[in-house]
Amino acid sequence: MGDVGGVRQGRQRTGGSARALSEAYDTALLDLDGVVYAGGEAIPYAVEALGAARAGGMHLAYVTNNALRTPDAVAAHLTDLGVPAVGADVITSAQAVARLIADEVPAGSRVLVIGGEGLRVALRERGLEPVESADDDPAAVVQGYGGPELPWGRFAEASYAVARGVPWYASNTDLTIPGARGIGPGNGAAVEVVRIATGAEPKVAGKPLPPMHRETVLRTGAERPLVVGDRLDTDIEGAFNGGVDSLLVLTGVTDVAQLLAAVPEHRPTYVDADLRGLLTGQPEVDAGGDGFVCGGWTASVSGGALVLEGGGDALDGVRALCAAAWTEAGAGACGLDAGKALERLEL
């Protein structure tokens, strides 16, 4: 496959890179929740890996669907964790949705905000006026993650306005969000509340949709970007839609079973355990007579199940299994039994 993986529509195996990913790509577009931190605390190895990538010349940009905090607040948090950052390094779905709204409503319009300070700051940046009530004559309603303490009455306020015909926007529709205690409901779950109450559909800006990719490109100027994320349906699909390569890290929402079952637009270029994957090359997966080979592992299909033989680095086994599963699935989702194969990896 050459020096780096390259974007392939309908990918059937993970890519290889002879160089460390931090050398092969000029900019890492990093998701935050589940990649850099979880529940506010740094994920193991993240601080050291990002420091090494930066020291080697890679530009780091933080691209998050979480619209709760402002870019400056996120940057301050990252700096406190040991990852130096400024507000300009952070791109949020709040910024993407604010630009989308500003393109579609008159300048200076009022916007009913259901969410946190990140949304309010992003709207003001675009010359829009945040308001709190459906009775404030808003030109739009915008909904973003507001944290676990967001009052139930805010959803009712959004519903009143949307039911009157006010255009409705959502920063993102992630159903879940990783935290220190596990996986909790995300903004997508809150959006469902308003959808059920009104029967309406919002315009959505965040990953994996084009407004977020546009916002990221405008703010980073990346020429050879690598999307780094933990979610197939936002980070990896967003990279697919944008025509750029991606690295899935197994520190957040996605597990190996979900990765093996991925449809084409959810198949990453690379997969690794954590952000240390930025600092290494990525092994090729070769097609052999008995299946797909990566490192000391060979993966194949037999009797409706994935079969894994050999030994070595467990991640090489994952890469070999991806090739077998995705090739068998073609343009669909793999429905093969992976239980025994995954037991061999002891993940």
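**Exercise 1. A salt bridge across the sequence**

Are D31 and K207 buried or exposed? Place the pair in the chain and describe its contact.

*Solution.* The model is predicted: local features need pLDDT of at least 70, side-chain atom pairs count only at pLDDT 80 or more, and totals for chains, interfaces and linings use all residues. Residues are numbered from 1 along each chain as its sequence is written, and side-chain values use heavy atoms, with hydrogens and water left out.

Step 1. D31 is buried, and K207 is buried too. Buried means under 20% relative accessible area, exposed over 50%, and partly exposed in between (1.4 Å probe, protein chains only).

Step 2. The two side chains form a salt bridge, with N to O at 3.1 Å. A salt bridge is a side-chain nitrogen of Lys or Arg within 4 Å of a carboxyl oxygen of Asp or Glu.

Step 3. D31 sits in the loop between β1 (27-30) and β2 (37-38), and K207 in the loop between β12 (203-204) and α8 (210-220), so the bridge ties together parts 176 residues apart in sequence. Helices (H or I, at least four residues) and strands (E, at least two) are DSSP runs, numbered from the N terminus.

**Exercise 2. Other salt bridges**

How many salt bridges does the structure hold? Describe the pairs D135 with R164 and R195 with E192.

*Solution.* Step 1. The structure holds 18 salt bridges.

Step 2. D135 and R164 meet at 3.2 Å, N to O. D135 is in the loop between β7 (129-131) and β8 (140-143), and R164 in the loop between α6 (152-163) and β9 (168-170); they are 29 residues apart. D135 is exposed, at 59% relative accessible area. R164 is exposed as well, at 52%.

Step 3. R195 pairs with E192, with the closest N and O atoms 2.0 Å apart. Both belong to helix α7, three residues apart, about one helical turn. E192 is partly exposed, at 29%.

Step 4. Shared partners join R99, E125, E215 and R219 into one salt-bridge network.

**Exercise 3. A buried arginine**

Which side chain of opposite charge is nearest to R267? Find a backbone partner for R267.

*Solution.* Step 1. Locate R267: the loop between α10 (256-260) and β15 (270-272).

Step 2. R267 is buried yet has no salt bridge. The nearest side chain of opposite charge is E265, 7.4 Å away. Here Lys and Arg count as positive and Asp and Glu as negative; His and the chain ends are not counted.

Step 3. A polar atom of the R267 side chain lies 3.0 Å from the backbone oxygen of G332.

**Exercise 4. Two pockets**

Which element gives the most to the lining of the largest pocket? Describe the second largest pocket too.

*Solution.* Step 1. The largest pocket has a volume of about 270 Å³. A pocket is an open set of points on a 1 Å grid where a 1.4 Å probe fits, with protein on both sides within 12 Å along at least five of seven lines; lining residues have an atom within 4 Å of a point.

Step 2. Its lining has 18 residues; nearest the centre are Y145, G147, P148, P185 and G186. β10 (176-179), β11 (182-185) and α7 (187-198) each give two or more residues to this lining. β11 gives the most, with four.

Step 3. The lining of the largest pocket divides into 10 nonpolar, eight polar and no charged residues.

Step 4. The second largest pocket has a volume of about 230 Å³. Of its 16 lining residues, D33, Y37, N66, L68 and R69 are closest to the centre. α3 (71-81) and β10 give two or more residues to this lining. It divides into seven nonpolar, seven polar and two charged residues. Ala, Val, Leu, Ile, Met, Phe, Trp, Tyr, Cys and Pro count as nonpolar, Asp, Glu, Lys and Arg as charged, and the others, Gly among them, as polar.

Terms used: A polar contact is a pair of N or O atoms within 3.5 Å; within protein, one must be able to donate a hydrogen and the other to accept it, and residues adjacent in sequence count only if both atoms are side-chain atoms. Grid points are joined across faces, edges and corners, and a volume is the space filled by probe spheres set on the points.
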